[in-house]
Structures are given as structure tokens and as C-alpha cells.
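Hi,

Here is the structure I promised to pass on. Have a look at it first, and my notes follow underneath.

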Amino acid sequence: MTVPAADQVAERLAALIRIPTVTPRDAGPHDEATAARFAALHDALRTFYPRVFSHDVESIGRAGLLLRVPGAAAGRPVVLMAHQDVVPVPQDWATEGWEHEPFAGAIVDGWVHGRGALDDKGALVVMLEAVESLLDEGWAPAHDLYLLMGADEESYGACATEAAALLGERGIVPWLVLDEGGAVATGAFPGFDGEAAVIGVSEKGIVDVRLTVEGLGGHASTPPRESAPGILANALARIEAHPHPAAVNDVSVEMLELVGGRVKGPLGALLRRASSLRGVLARVMPRLSPELAAMVRTTVAITQLEGSPAHNVLATRATAVLNLRIAVGSSVAEAVAHVRAVVRDPRVTVEPELPSEPSPVSPRGDDARWAAMLEAVGASYPEALAIPYVMLAASDSRHLAPMSGATYRFAPLRMSRPQREAVHGPNEKVEIESLGRGVAFYRALLTSSRLG
Ligand SMILES: [Zn+2]
């Protein structure tokens with residue numbers, strides 16, 4: 001085996017899609033059926049990639065795998081990440097708009113269809129194909145290479161936190177981490193039709209905030225002037241009326257200016273001046289779309305509400321959960337303080353839960369790791385414009401980012417707008433031609449002289 005043919009990569013991806021590795025939402029050990037599915041996936045991986053799996057493999061958390069390919073030196077370890085689990089599909093998938101059975105791994109007209117094709121088994125396969133083919137050629141990494149394959153990314157699981165703790169205990173400081181996140185996107189920016197390799201160089205933080213109001217309860221025929229749900233509703237209305245302050249961070253300025261270089265007309269001219277127009281952009285962007293708003297500020301989503309258990313009973317307690325995504329440059333403390341200041345009502349208790357700070361911003365410019373990323377993009381998608389961005393969603397890599405020199409979030413797979421929308425939705429699919437380019441990306445990255 002040398003460089004694998006894209007068709008062969010597609011066959012293997014389809015085989016992995018046929019093993020529905022859905023991790024249940026709740027924490028704790030896997031049930032028997034789930035454990036059996038992950039075991040089947042591990043068997044398939046060992047069969048497809050014998051050279052990769054001839055190295056030390058450790059079990060991490062519920063069904064995670066941490067594998068080490070020793071390098072000539074241990075000093076600048078590289079960690080490549082891809083998760084094995086996928087999100088569930090509805091029972092009546094056909095009526096939800098799936099053209100092909102989600103776990104059938106159909107290969108039709110140059111595409112591989114099914115749950116996980118993009119998120120994240122596509123990236124998992126091209127990563128492993130690249131390493132397997134290089135090992136087959138007698139290659140060895142200059143420094144230790146770790147492959148971290150989580151098994152509960154989609155249910156906020158512990159594989160990545162456990163792996164981070166384990167590496168920390170052993171004194172291993174990752175020099176470069178690469179995980180899912182951006183992709184080779186088309187149709188991502190107005191006025192720019194070309195391909196953009198968007199590479200996440202940071203990601204927003206997350207915290208849930210629980211608001212609680214205690215009431216006296218009682219019969220619905222004699223309600224008090226102010227009820228627990230009423231007080232809570234006023235607090236929620238104030239929160240939505242007072243969004244967090246908006247600011248355009250350095251990464252977004254870089255991104256807008258790079259895109260501006262490829263956009264014609266007045267919009268292009270405007271984008272190319274992004275750094276001197278930060279104030280204007282911070283005011284305008286939130287009005288244009290929820291996505292642009294999320295780029296410039298900490299966002300608050302009211303996700304859960306609870307009041308009385310019956311239609312004729314007063315609530316003794318009303319609760320709401322807010323899901324905050326914290327802007328890079330801000331912090332959990334600052335975000336929660338804003339909520340408290342806006343609520344300004346001692347009857348409403350404000351409790352943060354499961355906080356996770358925004359990730360540090362990884363190097364760009366002429367840093368060797370960033371340069372290696374750009375060269376690997378150039379080797380696999382020569383037409384694409386590589387740009388840094390701040391990831392709005394969360395990835396497993398946020399657990400490693402605080403201890404690592406550079407953490408990038410990028411899957412070297414082409415994703416059009418409909419394909420991006422199919423991640424976690426119906427008709428997830430990947431182009432076979434893009435799988436071949438994905439293998440080329442990882443091969444170029446791993447053999448880069450900059451990683452020597
Ligand atoms: Zn994912």
C-alpha cells in the first residue's frame with residue numbers, strides 16, 4: 001500500500017458509517033449494545049490500519065483510543081484528533097428528508113452518504129489513511145505523534161478531558177494539536193465564490209447559567225401580584241434586551257481582510273479596511289445575521305424553562321437555563337457578571353454551571369506550525385484561500401488547547417453550504433474526490449520539514 005486510491009478510502013469510510021456509534025446523552029459507562037458497536041468499530045479500524053494499530057494503544061474513557069507513534073525525538077509532540085461517535089438520526093429518517101438510509105453507507109455517483117460522513121468519520125478515515133500509507137513507506141515522525149480518537153464528543157463526554165489529564169500527568173506538552181472545526185468551505189462569505197480553507201485558531205467558551213426564582217405556591221384561584229414565573233420572565237426579557245458588548249477581535253479582522261482581498265467592489269474595499277473599521281463592524285455585524293452576531297460577542301440562548309407542574313397550581317419555583325457562548329477576549333466571570341448586572345433582582349439567583357473558558361488564540365503569521373498548515377492546504381487544495389477564524393461551536397480540542405502550543409480546528413474536506421447544514425441534519429455526505437485530497441493534506445502536514 002502506498003497512497004490509497006480515493007475509491008478505497010470511500011469503501012472504508014462507508015464500512016465505518018455502517019457501524020452506528022451513537023453515544024447516549026447521559027454520562028456513565030456504555031450499555032452493552034453501545035459498547036459492542038464501539039468494539040466493532042475498533043475491530044474495523046485495526047483491520048484497515050494494521051501498521052497504525054501496531055503501536056501502543058490506550059483506552060481512554062468510555063471507548064476512546066489514544067495511540068502513540070514514536071518519533072526520533074519526544075520534544076515537540078503532535079496530536080491529531082478525530083472523534084468516533086456520531087449524533088443519532090430520527091427513527092423515521094425517510095420522512096425527515098434522508099435520501100439514503102443514514103447508516104447504510106451508500107456510495108452513489110462519487111459521494112459517500114450517511115451519518116458521520118463529515119462529522120467526524122470522514123476526517124478520522126483520511127487521518128488514518130495518511131498515517132498508514134506513510135508508515136507503509138517506512139516513514140517515521142520526527143517527533144512523537146499521538147492520535148486521539150474520542151468516543152463521546154457529541155455528548156460533552158470525558159474522553160478528551162481524560163486524555164488531556166493523562167498527557168499532563170506524563171509531562172507531555174503538545175506542540176501542535178489538530179482537530180475538527182473548519183473545512184474547505186464554499187459559499188461561506190458574501191461576494192466570494194471560491195474555496196476558503198477556514199482554520200479555527202480559537203473557540204468560544206461555554207457556560208450554562210441557571211436562573212431560579214422561589215415562589216410561595218398556592219392555588220391558582222388566588223394568585224399573588226408577582227409570581228415566580230413572572231419575575232423570571234422579566235429577568236429573561238431584560239437579558240434579551242441587553243446583549244453583551246460587541247467587539248471585533250484580531251482573528252476576525254485578519255479573516256475579513258483576507259476575504260476582502262478576493263472580493264470585488266465596495267464590499268471588498270470595506271473588508272480590506274477591517275482593522276480601521278472595528279467600531280463600525282461591531283455595530284453593523286450583529287444586525288446582519290445571527291452568525292455574524294455570534295462572531296462579535298458573547299451570545300445568550302435561553303434554552304430551558306420550567307414552572308408549575310400543573311395548569312391550576314402556582315409555581316413554587318421557576319427556573320430558566322441560559323446557554324452562553326463566551327467571546328474570545330472575554331471570560332466566564334465577565335459573562336456571568338454581565339447577566340447578574342442586567343438581571344439586577346435579588347429574588348433571581350444566578351448560578352453558573354459547567355464553565356469552559358474561551359480557548360487561547362493559536363499562532364499565525366510566520367509560526368512554523370501555521371506555515372505547515374498553510375503548505376498542507378496548498379498541497380491538497382491549491383485553489384483554496386486559507387484563513388483563520390474563531391470557531392463558534394465547541395470541539396474536543398478545547399480540553400487540550402490550554403496546555404498546547406498551537407491548536408487548529410480544521411477537517412481537510414470540502415463542504416458546501418448544504419453539506420455544512422447536513423452535519424447533525426439529514427443527508428450528510430462527502431465527495432469521494434475530497435477524501436483523496438484529505439489524505440493528501442495529512443500526508444503533506446506530517447511530512448512537512450517545519451515539523452522536523
Ligand atoms: Zn464533530
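A network of salt bridges links Glu195, Arg414, Glu431, Glu433 and Arg437. That caught my eye when I went through the charged side chains of this predicted model, where the search over the whole structure gives 22 salt bridges. As you know, side chains of opposite charge can pair when their charged atoms come close.

Three other bridges are worth a click. Start with Arg62 and Asp152, whose side chains meet at 3.2 Å, N to O. Arg62 sits in the loop between β1 (56-60) and β2 (64-69), while Asp152 belongs to the loop between β6 (143-149) and α4 (159-169), so this pair links distant parts of the chain, 90 residues apart. The two ends are not equally covered: Asp152 has 1% relative accessibility and counts as buried, whereas Arg62, at 23%, is partly exposed. The cut-off for buried is under 20%, which is why Arg62 falls outside that class.

Next, Arg347 and Glu226 form a salt bridge with their closest N and O atoms 2.9 Å apart. Arg347 comes from the loop between α10 (332-343) and β12 (348-356) and Glu226 from the loop between β9 (205-214) and α5 (228-241), so the bridge ties together parts that are 121 residues apart in sequence. Both ends are partly exposed, with Arg347 at 38% relative accessibility and Glu226 at 39%.

The third is Arg450 with Glu375, a salt bridge of 2.7 Å, N to O. Here Arg450, in the segment after α13 (432-446), reaches Glu375 in helix α11, and the two are 75 residues apart. Arg450 is partly exposed at a relative accessible area of 34%, and Glu375 is partly exposed too, at 39%.

Now the metal. Which residues hold the zinc ion? The protein donors are His83 through NE2, Asp119 through OD, and Glu180, which gives two OE donors, and they lie 1.9 to 2.6 Å from the zinc ion. Along the chain these donors follow the spacing H-x35-D-x60-E. Asp119 is in the loop between β5 (111-113) and α3 (121-136) and Glu180 in strand β7 (residues 176-186), a pair 61 residues apart that links distant parts of the chain. Both of these acidic donors are buried, Asp119 with a relative accessible area of 8% and Glu180 with 11% relative accessibility.

The geometry of the zinc site is irregular, with angles of 53 to 148° among the four donor atoms. For reference, ideal angles for four tetrahedral donors are 109.5 degrees. A tetrahedral call needs every angle between 85 and 135 degrees, so a range of 53 to 148° rules it out.

On to the aromatics. The count comes to four aromatic pairs. Phe48 and Tyr49 make an edge-to-face pair, 6.1 Å centre to centre with 80° between the planes, and both residues are buried. Trp370 and Tyr408 are tilted instead, at 5.4 Å centre to centre and 55° between the planes. That pair links helix α11 (residues 368-380), where Trp370 sits, to strand β14 (residues 407-415), which holds Tyr408, 38 residues apart. Trp370 and Tyr408 are both buried as well. Helix α11 is worth a second look, as Glu375 from the bridge to Arg450 is also in it. Elsewhere, ring pairs join Phe410, Phe441 and Tyr442 into a cluster.

Two rings also have a charge over them. The charged end of Arg76 sits over the ring of Trp175, 4.0 Å from its centre, and the charged end of Lys429 does likewise over Trp111, at 4.6 Å.

Finally, the overall picture. The chain has 13 helices and 15 strands, and its C-alpha trace spans about 80 × 60 × 50 Å along the principal axes. How does the radius of gyration fit with a compact globule, and what is the value? The chain has 24 Å, which agrees with the value near 22 Å for a compact globule with 452 residues. Buried residues make up 52% of those 452 residues.

Over to you,
and thanks for taking this on.

Key. Residues are numbered from 1 along each chain as its sequence is written. This is a predicted model: local features need pLDDT of at least 70, side-chain atom pairs count only at pLDDT 80 or more; totals for chains, interfaces and linings use all residues. Side-chain values use heavy atoms; hydrogens and water are left out. Donors are N, O and S atoms within 2.8 Å of the metal (3.2 Å for Na, K and Ca); water is not among the atoms, so sites may look incomplete. Four donors count as tetrahedral if all angles lie between 85 and 135 degrees; four count as square planar and six as octahedral if opposite donors are over 155 degrees apart and all others between 65 and 115; anything else is irregular. Helices (H or I, at least four residues) and strands (E, at least two) are DSSP runs, numbered from the N terminus. Buried means under 20% relative accessible area, exposed over 50%, partly exposed in between (1.4 Å probe, protein chains only). Rings of Phe, Tyr and Trp (its six-membered ring) pair if their centres lie within 6.5 Å; planes under 30 degrees apart count as stacked, over 60 as edge-to-face and the rest as tilted. A charge sits over a ring if NZ of Lys or CZ of Arg is within 6 Å of the ring centre and within 35 degrees of the ring normal. A salt bridge is a side-chain nitrogen of Lys or Arg within 4 Å of a carboxyl oxygen of Asp or Glu. The radius of gyration is taken over C-alpha atoms; the globule rule is 2.2 Å times the number of residues to the power 0.38.
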